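Hi,

Here is the structure I promised to pass on. Have a look, and my notes follow underneath.

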Amino acid sequence: MIYTLTLNPSVDYIIELDVVQLGELNRIGNPSKFAGGKGINVSRVLNRMGVSSKALGFIGGFTGDYIVDQLQKENIATNFVEVEEDTRINVKVKADTETELNANGPAISEEKFAELKQKISELTSEDLLVLAGSIPSTLPKTTYEELVGICHKNNVSFVVDAEGELLNKVLPYNPFLIKPNHHELGELFDTTITSVEEVIPYAKKLLERGAQNVIVSLAGDGAVLVNEHETIISTVPKGELKSSVGAGDSMVAGFLAKYQEMQDIREAFRYSVASGSATAFSIGLCTKEKVESLLPQVVIQ
Ligand SMILES: Nc1ncnc2c1ncn2[C@@H]1O[C@H](COP(=O)(O)OP(=O)(O)O)[C@@H](O)[C@H]1O
Ligand SMILES: O=P(O)(O)OC[C@H]1O[C@](O)(COP(=O)(O)O)[C@@H](O)[C@@H]1O
């Protein structure tokens, strides 16, 4: 069974307008809202691909109720730890450029964190855990390390989609997959990366640090997968960028769905890229039909 972990879920509130007039009253058309947060997005995309998963994490208040309700409507199983404060609302403004306003999220007590660790310790070697997104500010930077330590002890494979030290600290535990974008990869090495060619040596350093598969996305400029056997470069489909919110999460879900079906890294990577772009070309997350219509445009070498 695939489990996703979202320590800091969000209601994503997406506003579209031509131009933002700073300091003025801006009237907006129909905003969209979605149950979000990286792990939750992975569960939602997996579900659209016919793969079931269970969503874990912390949830609270009226925003938390909204998320649980949406997931129930989509028939996605959940096993959240309930907290008192409201789950955050992240505002995404799509005007001539995309601007994201991501909140901190609720405080998590030691007791609630212990409750979550108990749930993680019940996973077995038959399971895979996707740990994705930021962590609530009251939890230490070692949080993911502690959780993957539990997975490692119980032979649970895991995937991490996180930034900076959160990501760096899990590498020695051999994640099955990590998926930084090129900015996040650059930040890890205190450098700026702008092309697929520049990605490759740094992605290989993450293999040396312990990752089994590394996918690095460069938005509309391609994607790279490296593992100990091969280095694969992919084109990305062309289309109208509607909102890239959830595009990275869709890549993770697309990869896992296809890998579960075929155990073929190359096909899983192609499906992953098509899934990212299908979401980037949508308001909200991709559908399986849209992913499959873009697949012929994903060429790997
Ligand atoms: N402008 C775009 N055109 C086509 N595909 C895109 C575009 N932006 C994002 N994508 C797709 O979404 C994936 C993830 O995008 P990226 O912005 O790199 O990741 P993240 O959402 O994690 O920051 C890309 O690999 C690509 O498949
Ligand atoms: O946990 P973080 O890093 O604040 O990110 C949360 C945000 O990321 C998202 O999961 C989207 O992530 P991606 O665009 O990287 O796929 C949103 O749903 C959510 O608002």
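Which strands does helix 2 lie across? Helix 2 (residues 61–73) lies across strand 2, strand 3 and strand 7, and runs at about 85° to strand 3. Helices (H or I, at least four residues) and strands (E, at least two) are DSSP runs numbered from the N terminus. Angles run from 0 to 180 degrees between N-to-C directions, with axes as lines fitted to C-alpha atoms, for helices over the stretch in contact (C-beta atoms, placed from the backbone, within 7 Å).

Before you go further: this is a predicted model, where local features need pLDDT of at least 70, side-chain atom pairs count only at pLDDT 80 or more, and totals for chains, interfaces and linings use all residues. Residues are numbered from 1 along each chain as its sequence is written, while chains are lettered from A and ligands numbered from 1 in the order in which they are written.

Now the sheet. Its four strands form an open sheet in the order 3-2-7-8, with mixed pairing (strands pair if DSSP finds at least two bridges between them). Strand 3 (32–36) and strand 8 (98–101) are at the edges with a single partner strand each, so one side of each has no neighbour in the sheet. From one strand to the next, the twist averages 20°. Strand 2 (residues 10–16) and strand 7 (residues 88–94) are parallel, paired over seven bridges, and Ile15 stands opposite Val93 in strand 7.

As for ligand 1, 17 residues surround it (C-beta atom, placed from the backbone, within 6 Å). Ser217, Gly220, Ala247, Gly248 and Gly276 are the closest. Helix 8 (247–262) and helix 9 (265–280) are the elements that give two or more residues to this shell, and helix 9 gives the largest share, four residues.

Cheers

Definitions and conventions
Contact = placed C-beta atoms within 7 Å.
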